[in-house]
Amino acid sequence: MMHQPIAYQTLPKPQKFTIRVYGLLIDRHQRILVSDEYIRGNYFTKFPGGGLELGEGTRDCLQREFLEETGLHIVVQDHFYTTDFFQISAFNTVDQIMSIYYKITAPISEICNLKTAATPFQFTPQQIADVNGQYEMLRWLPLSELTIESVHLPIDKVVVEMLLNQQLIANTPK
């Protein structure tokens with residue numbers, strides 16, 4: 001099953017182009033790191049990462065974003081996927097989004113000290129009381145439980161589908 005691009009003819013012409021860079025961190029227990037986020041009254045599960053700044057390379061961006069969001073000093077490895085279809089932002093209808101995903105690693109000592117939630121959306125009542133607020137909690141998701149429905153953003157869903165296809169290939173008897 002391939003992604004279904006938005007019928008962009010029905011949307012206003014994008015006014016801004018945003019590049020986002022995300023990391024796929026799989027630990028030694030075969031879990032992938034996800035970010036559960038509360039943004040302006042809505043709940044999202046997505047991969048950790050963020051926006052590319054002017055004068056910054058994609059790998060530098062990912063290292064900066066991971067350090068800011070997780071405290072992890074990551075090593076960016078292989079490129080995994082770059083958006084290959086038109087996608088409008090999930091947060092407004094004027095930004096066109098392009099996302100770049102990399103496989104990454106981090107020191108085991110830092111991963112062991114990473115503060116994560118056990119279940120999705122473990123926000124305090126005070127955090128979600130502000131509908132204009134933005135909060136995030138990291139969580140390990142076992143690869144055996146990963147589905148397309150595990151994430152909410154359209155490009156992330158394509159990435160999960162690719163990860164699942166790779167897992168099926170890797171688990172096929174030779």
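**Two sheets and a pocket**

Student: Which strand gives the largest share of the lining of the largest pocket?

Tutor: This is a predicted model, so take every value here as computed from it. Two or more lining residues come from each of strands E1 (16–25), E2 (31–39), E4 (49–51), E6 (95–105) and E7 (134–142), and from helices H1 (58–70) and H4 (154–170). The largest share is 4 residues, and the element that supplies them is E6.

Student: OK, and how much space lies in that largest pocket?

Tutor: Start with its walls: 27 residues line the pocket, and the closest to its centre are Arg20, Tyr22, Ser89, Phe91 and Ile97. The space in the largest pocket comes to about 460 Å³.

Student: How many of the lining residues are charged?

Tutor: Split the lining into classes. There are 10 nonpolar residues and 8 polar ones. The charged residues of the lining number 9.

Student: Zooming out, in what order do the elements of the protein run from the N terminus on?

Tutor: You've got 4 helices and 7 strands to place. Walking from the N terminus, the order is β-β-β-β-α-β-β-α-α-β-α.

Student: Let's do the sheets. In the 4-strand sheet, which strands have one side left without a neighbour, and why?

Tutor: The sheet is open, with mixed pairing and the order E4-E1-E6-E5. A strand at the edge has a single partner strand, so one of its sides lacks a neighbour in the sheet. The strands standing at the edges are E4 and strand E5 (75–82).

Student: In which sense do E1 and E6 pair, parallel or antiparallel?

Tutor: Strands of a sheet can pair either way through backbone hydrogen bonds. For E1 and E6 there are 10 bridges. Among the residue pairs, leucine 24 has lysine 103 in E6 as its bridge partner. The sense of the E1 and E6 pairing is parallel.

Student: Arginine 20 showed up at the pocket centre too. What is its bridge partner in E4?

Tutor: Arginine 20 stands opposite serine 99 in E6. For the E4 pairing, look at E1 and E4, which run antiparallel and are joined by 3 bridges. There, the bridge partner of arginine 20 is glycine 51.

Student: What angle does the direction of H1 make with that of E4?

Tutor: H1 packs on this sheet and touches E1, E4, E5 and E6. Its direction and that of E4 make an angle of about 120°.

Student: Now the 3-strand sheet. What does its twist average from one strand to the next?

Tutor: This open sheet has the order E3-E2-E7 with antiparallel pairing. Strand E3 (42–46) and E7 are the edge strands, each pairing on one side only. From one strand to the next, the twist averages 20°.

Student: How many bridges join E2 to E7?

Tutor: One pair to find on the model is leucine 33 with tryptophan 140 in E7. E2 and E7 run antiparallel, and the bridges joining them number 9.

Student: Which residue in the turn between E2 and E3 has a positive phi?

Tutor: E2 and E3 run antiparallel with 5 bridges, and isoleucine 39 has asparagine 42 in E3 as its bridge partner. The two strands form a hairpin with 2 residues between them. In that turn, the residue with a positive phi, about 50°, is arginine 40.

Student: Leucine 146 sits in the loop between E7 and H4. Is leucine 146 buried or exposed?

Tutor: Leaving aside neighbours within four places in sequence, leucine 146 is in contact with Leu141, Val160, Leu163 and Leu164. The cut-off for burial is under 20% relative accessible area. Leucine 146 has 5%, so the residue counts as buried.

Student: And lysine 157: what is its relative accessible area?

Tutor: Lysine 157 is found in helix H4. Not counting residues up to four places away in sequence, lysine 157 touches Ile148, Glu149, Val151 and His152. Lysine 157 is partly exposed, and its relative accessible area is 27%.

Student: Last one: what share of the 174 residues counts as buried?

Tutor: Leucine 146 is one buried residue you've already met. Over the 174 residues of the protein, the buried share is 41%.

Conventions
Residues numbered from 1 in each chain as written. Predicted model: local features only at pLDDT ≥ 70, side-chain atom pairs only at ≥ 80, totals over all residues. Heavy atoms only, no water. 1 Å grid on protein atoms, 1.4 Å probe; cavity = no way out; pocket = protein on both sides within 12 Å on 5 of 7 lines; lining within 4 Å. Points joined across faces, edges and corners; volume = space filled by probe spheres on them. Nonpolar A, V, L, I, M, F, W, Y, C, P; charged D, E, K, R; others polar. Pairing = 2+ DSSP bridges. Axes fitted to C-alpha atoms, helices over the stretch in contact; angles between N-to-C directions. Buried < 20%, exposed > 50% of the residue type's maximum accessible area, 1.4 Å probe, protein only. Contact = heavy atoms within 4.5 Å.
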